[in-house]
Amino acid sequence: MNKINTDVNYRTMAGNARLLMLGESSHNAAIYKYEAIKALRQLKAAGFTHFAIEMLPLYMQEKIELYQRTGKGFKVIQQYFDEYWNRGYLVPKSYGDLVKAAREIGLKIVALDLTLDEMIAIDDSCDFEMARTGSCSTSHSVRNMVWTQNISNILKQSNQNRVVAFMHRWHAVSSNFQVGLDTLVIDQGILKIKFIDFIGGKACRTINNCEGYSDEDGELKNKYFYSEGFPFKHAVTAYQVHIPENGFKIGGL
Amino acid sequence: MNKAITISLFLYTAFCTTSYAGSFFPKYDINNSELPKTTVMAQCQKSLMHAPKQLESWCEKAYKLGYWQALEYIGLYTGDGSRYISELNRRTESGELDPIFALAWNYSYGRFVSRDLEKSISLFNRYLNDNTQQEKVRLNSVHEELLLIYEELGNTAKSAEHKKYLEDNDDIKIKNVMLKKQLEAAGVYLNIND
């Protein structure tokens with residue numbers, strides 16, 4: 001394991017990145033969203049301007065902008081999380097809180113994703129054999145390409161623009177042969193990219209049914225720290241932030 | 001790649017259809033013996049992000065049904081890719097193309113194995129030599145990987161060779177056309193310019 005550092009400072013990790021990807025190692029842990037809120041506060045102070053998020057679809061962008069401008073219309077955003085991102089106790093709420101925080105902090109919120117129906121349609125038109133030969137791409141890859149385009153356009157609009165993008169780790173980096181944003185965005189000519197992966201913490205199905213997600217041993221399991229590196233293929237400088245299993249109280253947990 | 005694509009979100013907002021039904025991880029009975037192989041494979045793949053606690057059971061089932069790539073997902077989830085690499089080695093020895101490609105890829109990035117660029121080059125070249133079906137996109141991706149390796153090794157002659165191959169074979173254009181076609185087939189009306 002790489003050297004650990006208990007001074008978890010997102011501004012330091014971000015450096016001069018124009019795109020900082022915050023990856024969650026699991027959608028199931030609400031705590032990762034609250035860690036992201038902590039990161040956003042520091043990153044806004046460091047000059048980041050936009051907050052892009054996997055968990056909202058492109059078609060909601062107008063609704064999001066209305067919410068951003070007026071503070072009205074959050075209900076429809078929360079409903080979407082409730083419907084599609086109910087991965088455990090407090091998880092939909094935590095996504096909602098993340099969006100609320102991004103607005104309050106003053107970051108422009110950007111929806112990245114396709115809808116579930118669109119993903120299904122893409123996969124229906126690209127079976128395993130076709131994807132294997134490369135004659136079409138799975139919805140995972142198509143989504144990565146669409147997100148890349150959206151983020152790249154923002155970064156190319158102005159040199160002042162800097163994006164924090166929140167997504168599952170296997171979109172930020174390549175999972176198997178499905179190229180991750182770390183590579184796709186570089187291919188767009190944007191070179192200052194960093195990736196921070198959230199690990200550890202705990203995930204709960206109910207208030208009384210939680211599971212620790214840390215792979216660390218002994219005292220480290222309950223320690224808050226970060227280390228440089230990522231155990232799988234990655235094309236940019238990467239860090240892992242370890243959330244303590246017994247840390248941060250949310251919703252009575 | 002995809003440098004020339006620009007997407008207008010305005011058209012998208014105007015034409016898209018939405019639905020709140022469904023789930024990123026459909027609920028199937030894993031014990032249902034009549035589940036199609038493709039469904040089991042898809043469940044294995046999707047579980048990596050959407051149901052990690054079910055990954056091993058779905059991927060073991062997929063593996064039993066002949067989907068050897070399921071071992072990769074198990075490796076990604078557990079962090080132990082030794083079974084996957086053993087499978088790739090065994091299949092590479094018997095000359096199967098996909099495992100040759102996969103093994104080359106893993107050696108290129110040092111994933112589940114110690115990084116070995118020479119070995120990776122050798123395997124990618126073997127793939128190119130043995131691949132008589134000429135699947136253009138896959139061939140392009142092999143040349144892309146070789147380009148990256150030779151760039152890293154500072155071999156300008158070889159990297160120029162692979163770069164030229166990609167230019168001559170419309171790599172970016174093919175990918176852009178494919179993306180546009182797939183999005184439109186899915187009812188996603190984004191304005192993509194090549």
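Below, a student and a tutor talk through a predicted model of two chains, A and B.

Student: Let's start with the overall scores. What ipTM does the model get?

Tutor: Keep in mind that this is a predicted model. Its pTM is 0.86, and its ipTM is 0.75.

Student: How many helices and strands does chain A have?

Tutor: Chain A is a mix of both element types. Its C-alpha atoms fill a box of roughly 50 × 45 × 40 Å along the principal axes. The count is ten helices and ten strands.

Student: Why does the radius of gyration of chain A agree with a compact globule?

Tutor: Start from the length, 253 residues. A compact globule with that many residues would have a radius of gyration near 18 Å, so chain A agrees, since its own value is 18 Å.

Student: What share of chain A is buried, and how much of its contact set is long-range in sequence?

Tutor: Take contacts between residues at least 6 apart in sequence: in chain A, 73% of them join residues at least 24 apart. As for burial, the buried share of the 253 residues is 53%.

Student: Now the sheet. Which strands of chain A sit at its edges?

Tutor: The sheet is open, has eight strands with mixed pairing, and runs in the order 1-9-10-6-2-5-3-4. An edge strand pairs on one side only, and that applies to strand 1 (4–5) and strand 4 (108–113) of chain A.

Student: Which way do strand 1 and strand 9 of chain A run, and which residue stands opposite A:N5?

Tutor: Strand 1 and strand 9 (residues 225–228) of chain A run antiparallel, joined by two bridges. Within strand 9 of chain A, the residue opposite A:N5 is A:Y226.

Student: And which residue of strand 10 of chain A is the bridge partner of A:S227?

Tutor: Strand 9 of chain A also pairs with strand 10 (residues 237–243) of chain A, in the antiparallel sense over four bridges. The strand 10 partner of A:S227 is A:Q240.

Student: What about strand 2 of chain A: is its pairing with strand 5 parallel or antiparallel?

Tutor: In general, strands of a sheet pair through backbone hydrogen bonds, in either sense. One bridge here links A:L20 with A:V164 of strand 5 of chain A. Strand 2 and strand 5 (residues 163–168) of chain A have six bridges, and the sense is parallel.

Student: Where is A:S26, and why does it count as partly exposed?

Tutor: A:S26 is in the loop between strand 2 (19–24) and helix 2 (30–45) of chain A. A residue needs 20 or more neighbours to be buried and 12 or fewer to be exposed. A:S26 has 19 C-beta neighbours inside 10 Å, so it counts as partly exposed.

Student: Which residue of chain B does A:S26 touch?

Tutor: Leaving out residues up to four places away in sequence, A:S26 touches A:A203 and A:Y213 in its own chain. A:M167 is 141 residues away in sequence, yet the C-alpha to C-alpha distance from A:S26 is 9.7 Å. The chain B residue touched by A:S26 is B:P52.

Student: Why does the length of helix 2 of chain A agree with what you'd expect?

Tutor: Helix 2 of chain A has 16 residues, and at 1.5 Å a residue they should span 22 Å. Its buried residues include A:I31, A:A39 and A:L43, and the helix is followed by A:G47, with a positive phi near 110°. The lengths agree because the end C-alpha atoms are 24 Å apart.

Student: Over to the interface. Which helix of chain A gives the largest share of the side that touches chain B?

Tutor: In total, 41 residues of chain A are in contact with 40 residues of chain B. Elements giving two or more residues include helix 3 (61–70) and helix 4 (74–84) of chain A. The chain A side divides into 16 nonpolar, 17 polar and eight charged residues. The largest share, six residues, comes from helix 8 of chain A.

Student: Last one: which element of chain B has the lowest mean pLDDT?

Tutor: Chain B has ten helices and two strands, and its mean pLDDT is 84. Over residues 1–21 of chain B, pLDDT stays under 50. Helix 5 (residues 82–93) of chain B has the highest mean, 98, while the lowest, 38, belongs to helix 1 (residues 9–15) of chain B.

Key
Residues numbered from 1 in each chain as written. Chains lettered and ligands numbered in written order. Predicted model: local features only at pLDDT ≥ 70, side-chain atom pairs only at ≥ 80, totals over all residues. Contact = placed C-beta atoms within 7 Å. Pairing = 2+ DSSP bridges. Nonpolar A, V, L, I, M, F, W, Y, C, P; charged D, E, K, R; others polar. Expected span 1.5 Å × (residues − 1). pLDDT = per-residue confidence, 0-100. Rg over C-alpha atoms; globule rule 2.2 N^0.38 Å.
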